[in-house]
6 protein chains.
Amino acid sequence: MSANFPQREMCTIGETRFVEMVFPEQANHYGTLYGGNALALLGKSAFVTASRYARCAVVMAGSERIVFEKPVRVGQLLEITGRVVRVGRCSMTVEVAGIAESLPDGARTPVLSGQFDMVAVDGDGCPVPIRPAR
Amino acid sequence: MSANFPQREMCTIGETRFVEMVFPEQANHYGTLYGGNALALLGKSAFVTASRYARCAVVMAGSERIVFEKPVRVGQLLEITGRVVRVGRCSMTVEVAGIAESLPDGARTPVLSGQFDMVAVDGDGCPVPIRPAR
Amino acid sequence: MSANFPQREMCTIGETRFVEMVFPEQANHYGTLYGGNALALLGKSAFVTASRYARCAVVMAGSERIVFEKPVRVGQLLEITGRVVRVGRCSMTVEVAGIAESLPDGARTPVLSGQFDMVAVDGDGCPVPIRPAR
Amino acid sequence: MSANFPQREMCTIGETRFVEMVFPEQANHYGTLYGGNALALLGKSAFVTASRYARCAVVMAGSERIVFEKPVRVGQLLEITGRVVRVGRCSMTVEVAGIAESLPDGARTPVLSGQFDMVAVDGDGCPVPIRPAR
Amino acid sequence: MSANFPQREMCTIGETRFVEMVFPEQANHYGTLYGGNALALLGKSAFVTASRYARCAVVMAGSERIVFEKPVRVGQLLEITGRVVRVGRCSMTVEVAGIAESLPDGARTPVLSGQFDMVAVDGDGCPVPIRPAR
Amino acid sequence: MSANFPQREMCTIGETRFVEMVFPEQANHYGTLYGGNALALLGKSAFVTASRYARCAVVMAGSERIVFEKPVRVGQLLEITGRVVRVGRCSMTVEVAGIAESLPDGARTPVLSGQFDMVAVDGDGCPVPIRPAR
């Protein structure tokens, strides 16, 4: 077992994870994941993580500093994990982190991170209290 | 803790998981996930799972019976898990299963399943042996 | 007239055909049509063929064995034909076959095939009888 | 056999045909096929038809008058036929016509038409003579 | 200040402008903007320009001659300007022009042009008078 | 002339602007622009603005606080303006702001804002000095 392999992936409550292969259609013309697509992937993770935690519709209120530490290359795997790190009355903060994984050796490198503020809303888009986790 | 909630998600070697929110753009005009998009999601899971297991390029050789048990509705979460269930010299079988999760109550329903044959290839697309998992 | 040219294309009832050019955005990073996109094209053919035959809404119930015989290269044409091969009370089987066509010489090679089970449904997604072909 | 059903579809040399189901994702917010997407479908037909005729790379030089006669509704089938109607030394004119087909009764209505000028090019994008049809 | 730089961009009433970077996913396999995507960008410009002028829903009735003067290369910027050039009772003509801009030297080259007929419609898709510009 | 109409739009050096119509395919199932797509639009503006200013390839290093002040509804226009507000040796800060415009009355509401750090790079992705604006 390679030391780099994520041998056991345990997702606790309020955590979601997905793995994407970076395809040419997501890249700019330098062969790396285009920033606009990276932002969309981070936002998707925040959205799914918050929806799953609050068990209702959510909208994005904003993000704190997002860091693109290293470029992600076409052909790498990108694992994105979202985690609820703060729960307020109607809002949550979701921390999202991206790790690039090279296929040949499984080497894993942190590449993206950010925090997103998500608000639980009703059908009219008005904030609603987040029910305590059961 | 709801009995339906996936309290701990453990991915073992050769398993990958991702969660998507079903959006209107992925639906047909009846408000359910369109079959073509469902197939693409299953295929993506098989592709990422096999690539991560074999640590090299892979191509799809085909699929065994795919079953769409129940429609997946817009606004549901869809969790898709791929798992390597057979490893041959140059090929693998990946079993993919999809579970729909309703936001309000977290109820989880199996909705999709299939098996895909994936082949490890070199840069010219020729089959190469799959290295034993370390 | 090249022997390879599809001199007359006759579509009988319950058959539909479309031709796509394989573009880089549909390819993986090895320059061939990505399996997930190929599945989506097969599914689209099954969907359109069944809808046109049953003259009502249809959903996909599943697929039998799908075979990806050969890779399809960027820049090739891909002709996909769907054909209703079995009609039951509320369901149909659609056979889908894909042929890659090289531009320079028009050489045609079978590359994809599969069978899909499609169900005629009403507005609530409940199965309805397929009306006999007129 | 309904009088409206396209009983036999014969494509002669230099003709290609495809059928699409109009999905919500291709529509504007009035529930009809968005003009930009309709243009893209017409252009795709011209591109595939010309490529298949000339058996080489082609680029679009322009279009003559394009007419959107009637809106195409979500849930209708759209059959698009491209036909080479003029062949010059290095260029061709492709006539493209779209017919909307309603599922319930198979009624077919001409909805789109246009003419596109396509030029055969080599790898550097320079015009090359179109070889006579064999 | 380079002579080629668009030093002041003034948009008058009934004019809209947008700038895109041409990405590989919009290109054909010769590395230039694919005609179908170019048509879609021109159509989008006509749609937004007409909507903004008429302050109501609009649909495309057709286009006059569209000219693709030069190929647009991956990595170039493409600036597209739409301008209302004729206003009738219920319809408008929008002139759309595209200029490619090279990054290294800012050289600007006209590459695309066309005219689109747009019709103001109500919620049922029926033509409605265009209110005089205030 | 409505008080709300952007009578003259002057783009100075280092500023780019584009207008989009929010389509159903960009919305979540509550009928408002989905956060992930909003992030992608902001990122695209930062990317194009920085590329045009630096006249070379750029990559995104990160973003400062992004604020989604109000939801953007399907059928609204969204005008996004990017402006270079800081230029360092190899990096720039681009401020991006989005204004939603209602079609019926042209009312304009600030809805999105953010700051992005962009780095000028050479073909290998290494930072290069930004040449002074000419």
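## Buried residues, salt bridges and chain contacts in a predicted model

C:Glu101 is buried, with a relative accessible area of 1%. In this predicted model, the side chain of C:Glu101 meets that of C:Arg108 in a salt bridge, with N and O 2.8 Å apart. The partner sits differently with respect to the surface: C:Arg108 counts as partly exposed, at 25% relative accessibility. A buried acidic residue is thus a good place to begin a tour of the charged pairs, and over all chains the structure holds 68 salt bridges.

A second pair lies within chain F. Here F:Arg17 forms a salt bridge with F:Glu15, and the closest N and O atoms are 2.8 Å apart. F:Arg17 is buried, with a relative accessible area of 15%, and F:Glu15 is buried as well, at 7%. A third pair crosses between chains: the side chains of B:Glu64 and C:Arg65 meet at 2.6 Å, N to O, in a salt bridge. B:Glu64 belongs to the loop between β3 (58–63) and β4 (66–68) of chain B, while C:Arg65 belongs to the loop between β3 and β4 (66–68) of chain C. B:Glu64 is partly exposed, with a relative accessible area of 30%, and C:Arg65 is partly exposed too, at 38%. Salt bridges can also be linked together, as in the network formed by A:Arg52, A:Arg55, B:Glu79, B:Glu101 and B:Arg108.

Chain A can serve to introduce the fold of a single chain. Chain A has one helix and seven strands, and along the sequence these follow the pattern β-β-α-β-β-β-β-β. Of its 134 residues, 58% count as buried. Among contacts in chain A between residues at least 6 apart in sequence, 69% join residues at least 24 apart.

One residue of the helix shows how such contacts look up close. A:Thr49 lies in helix α1 (residues 35–54) of chain A and counts as buried, at 0% relative accessibility. Its side chain makes a polar contact of 2.5 Å with the side chain of A:Thr16, and the side chain of A:Thr49 also reaches the backbone oxygen of A:Ser45 at 2.6 Å. Leaving out residues up to four places away in sequence, A:Thr49 touches A:Gly14, A:Thr16, A:Gly82, A:Arg83, A:Val84 and A:Val94.

In soluble globular proteins, nonpolar side chains tend to be buried together. The largest nonpolar core here has 230 residues, and the members touching the most other members are A:Met118, B:Met118, C:Met118, D:Met118, E:Met118 and F:Met118. For D:Met118, the residues touched, apart from those up to four places away in sequence, include D:Phe47, D:Val58, D:Met60, D:Cys90 and D:Val94.

The loops have their own points of interest. Most residues other than glycine have a negative phi. C:Arg55 is not a glycine, yet it has a positive phi of about 55°. C:Arg55 is placed in the loop between α1 (35–54) and β3 (58–63) of chain C, and it counts as buried at 3% relative accessibility. In chain F, the phi of F:Arg55 is likewise positive, near 55°. F:Arg55 is found in the loop between α1 (35–54) and β3 (58–63) of chain F, and this arginine is buried, with a relative accessible area of 4%. Another loop residue, B:Thr32, lies between β2 (15–21) and α1 (35–54) of chain B. At 7% relative accessibility B:Thr32 counts as buried; beyond its neighbours within four places in sequence, B:Thr32 is in contact with B:Gln26, B:Ala27, B:Pro71, B:Val72 and B:Arg73.

Further along chain B, B:Arg131 is found in the segment after β7 (108–120) and is partly exposed, with a relative accessible area of 39%. The side chain of B:Arg131 reaches the backbone oxygen of B:Arg55 at 3.0 Å. Neighbours within four places in sequence aside, B:Arg131 is in contact with A:Pro104, B:Ala54 and B:Arg55.

Finally, chain B also meets chain F, with six residues of chain B in contact with five residues of chain F. In chain B, B:Phe23, B:Pro24 and B:Glu25 lose the most area to chain F, together 76% of what that side buries. The residues on the side of chain B that touches chain F divide into four nonpolar, one polar and one charged. About 460 Å² is buried between the two chains, and carbon and sulfur atoms give 73% of this area. Between chain B and chain F there are zero salt bridges and zero residue pairs in polar contact, counting pairs with both residues at pLDDT 80 or more.

Definitions and conventions
Residues are numbered from 1 along each chain as its sequence is written. Chains are lettered from A and ligands numbered from 1 in the order in which they are written. This is a predicted model: local features need pLDDT of at least 70, side-chain atom pairs count only at pLDDT 80 or more; totals for chains, interfaces and linings use all residues. Side-chain values use heavy atoms; hydrogens and water are left out. A nonpolar core is a set of buried Ala, Val, Leu, Ile, Met, Phe, Trp, Tyr and Cys residues joined through side-chain atoms within 4.5 Å. Buried means under 20% relative accessible area, exposed over 50%, partly exposed in between (1.4 Å probe, protein chains only). Contact means heavy atoms within 4.5 Å. Buried area is the accessible area (1.4 Å probe) that two parts lose on being put together, summed over both. A salt bridge is a side-chain nitrogen of Lys or Arg within 4 Å of a carboxyl oxygen of Asp or Glu. A polar contact is a pair of N or O atoms within 3.5 Å; within protein, one must be able to donate a hydrogen and the other to accept it, and residues adjacent in sequence count only if both atoms are side-chain atoms. Ala, Val, Leu, Ile, Met, Phe, Trp, Tyr, Cys and Pro count as nonpolar, Asp, Glu, Lys and Arg as charged, and the others, Gly among them, as polar. Helices (H or I, at least four residues) and strands (E, at least two) are DSSP runs, numbered from the N terminus.
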